[in-house]
Amino acid sequence: MIKLNVQDETSRLRAVILGIAESNGPIPKVEDAYDPKSIEHIKAGTYPLEKDMIQEMEALNKVFKKYDVKVYRPKVIPNYNQIFSRDIAFVIEDKLVKSNILPDREKEINAIQYILDQINPAKIIETTDDIHFEGGDVMLWNNHIFIGTYKGEDYKDIITARTNMKGVNFIKNLFPNKIVKEFDLVKSNTIARDNSLHLDCCFQPVGKDKAIIHKEGFKNEEDYNYLVNLFGMENLFHISKDEMYQMFSNVFSISDQVVVSEKNFTRLNNWLREQGFTVEEVPYAEIGKQEGLLRCTTIPLIRD
Ligand SMILES: NC(=[NH2+])NCCC[C@H](N)C(=O)O
C-alpha cells in the first residue's frame, strides 16, 4: 500500500511518479499539437528526439536515486506522449485527485493504474467531465491551494486553457479548510512567450518562503500583488518573458533545501545557490521544447 502524504511543494520527497518518454510517438502534425511551443519546433524542424528525451528523464531519475526517492514510472502506451505526468493527477494531503485533462491526453491515466491500485480506493477522487483541472495548475503553499485558471468567455476555444472555474470550485469544496486562491492566467494558443500554459509555467514556490514568478503571466495585477504580499518582494525571483519561455519557474524541489534545475538556467541557479539551496543540475532542454519541464514530469506521492 502507498500511504499518500503531500502537504506542500517542498518538503522532503519520498515517493514520486516520473513520466516516461519511451514510445513517445512520431512528430505530431501542427494541427494535432496542443501547445504553441511544440508547434514552433514542429515548424522549425527542431522537435525533440525520443532518444534525447529519454536521456534527460534518466538524468532526473538518477537524482531521485541519489536522494533515495522511490520512483514509479507509467506503463508504456505505444506511440503516446506520457512525459508530463503532473497534469493527469495530483496529491493533496492523503487524497489523489484524478484530473479531467485535455481529451488529447486522456489515455495517459490508464498507464498509472497499477500504481493507483496500491492506494486506498477511498482516497482516490474523480469527478464529472465538465469540471476541468490539470495538475500543473494546482499548487500547495501552507494553508493555501493556488490554482491557475482561465476565466475568458472563449475558454472552449483556448486549447492552452486547462482549468475552469468549475474545477477551482470543486477543489474548494473538497478542501474546505484551505484557502483556495485562483489566478486568471494569460493564454495564447499561438505565441509561446505569451502563454502561461499552467500556473507552474509562470510561478512556483521554493524552500520555505521563496518563489519564482513571471509577473506578466498573470492577467490581473491584483493577483500578482496577492503573491507579493504573501511572500514579500525580497523573496521573489522575477523572471523575464524569455526565461518563462525556457521554463525557469518549472524546477522541482526534492526538499526545502534541494532544487533540481535545468543546467542552462544560470541566472536562476546562481540566485538559488546564493539563497543557500543545493542545486542539482540536469539537462532538460529537449523536454522543454514541449512547453513543460521538471515539475511537469512528476507527481509527488509522499513528502515528509
Ligand atoms: N504542468 C505542465 N506545465 N505541463 C506541461 C504540459 C505540456 C504539454 N505539451 C501540454 O500541452 O499538455
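## Briefing: two mixed sheets, a nonpolar core and selected backbone features

Opposite Ile125 in strand β5 stands Val97. The model under discussion is predicted. The residue pair just named belongs to a region where strand β4 (residues 95–98) and β5 run parallel, joined by two bridges. A second sheet, arranged in the order β12-β13-β14, also receives attention below, as does the largest nonpolar core, which has 76 residues.

**Sheet β3-β4-β5**

- Three strands make up this open sheet, their order is β3-β4-β5, and their pairing is mixed.
- Its edges are formed by β3 (89–92) and β5 (124–125), each of which pairs on one side only.
- Strand β3 contains Val91, and the loop that runs between β3 and β4 holds Glu93.

**Sheet β12-β13-β14**

- This open sheet consists of three strands in the order β12-β13-β14, again with mixed pairing.
- Strands β12 and β14 are its edge strands, and each of them pairs on one side only.
- Helix α2 (residues 50–66) packs on the sheet and touches β13 and β14, with a direction that makes about 150° with that of β14.
- The pairing between strand β12 (residues 252–253) and β13 is antiparallel and extends over two bridges.
- Within that pairing, Val260 of β13 has Phe252 opposite it.
- Four residues form the hairpin connection from β12 to β13.
- On the other pairing, β13 and strand β14 (residues 278–282) are parallel over five bridges.
- Thr278 in β14 is the bridge partner of Val258.
- A right-handed β-α-β unit is made by β13, helix α7 (residues 266–274) and β14.

**Burial of strand β13**

- Strand β13 (residues 258–262) is largely enclosed by the rest of the structure, because five of its five residues are buried.
- Val258, Val260 and Glu262 point one way from the strand, Val259 and Ser261 point the other way, and all are buried.
- The buried set therefore includes residues on both of these directions, in keeping with a strand that is largely enclosed by the rest of the structure.

**The largest nonpolar core**

- Among the 76 residues of this core, those that touch the most other members are Val16, Val91, Leu199, Cys202, Ile212 and Val260.
- Strand β1 (residues 13–18) gives the most to the core, contributing five residues.
- Val260, one of the residues listed for the core, is also the β13 residue that Phe252 stands opposite.
- With neighbours within four places in sequence left aside, Cys202 is in contact with Leu185, Ser196, Ile213, His214, Gly217, Phe218, Met244 and Ser249.

**Val91 in its surroundings**

- Val91 has 25 other C-beta atoms within 10 Å and is therefore buried, the cut-off for that class being 20 or more.
- Apart from neighbours within four places in sequence, the contacts of Val91 are Leu4, Val6, Leu96, Ile299, Pro300 and Leu301.
- Arg193 lies 102 residues from Val91 along the chain, and the C-alpha atoms of the two are separated by 29 Å.

**Positive phi values**

- Asp68, a residue other than glycine, has a positive phi near 60°.
- Asp68 is located in the loop between α2 and β2 (70–72).
- Asp68 counts as exposed because it has 8 C-beta neighbours inside 10 Å, where 12 or fewer is the limit for exposure.
- Glu93, likewise a residue other than glycine, has a positive phi near 55°.
- Glu93 counts as partly exposed because it has 14 C-beta neighbours inside 10 Å.
- Gly45 also takes a positive phi, of about 75°, at a position just after α1.

**Helix α1**

- In helix α1 (residues 36–44), the buried residues are Pro36, Lys37, Ser38, Ile39 and Glu40.

Notes
Residues numbered from 1 in each chain as written. Predicted model: local features only at pLDDT ≥ 70, side-chain atom pairs only at ≥ 80, totals over all residues. Pairing = 2+ DSSP bridges. Right-handed = clockwise from strand over helix to strand, strands pointing away. Core = buried A, V, L, I, M, F, W, Y, C linked by C-beta atoms within 7 Å. Contact = placed C-beta atoms within 7 Å. Axes fitted to C-alpha atoms, helices over the stretch in contact; angles between N-to-C directions.
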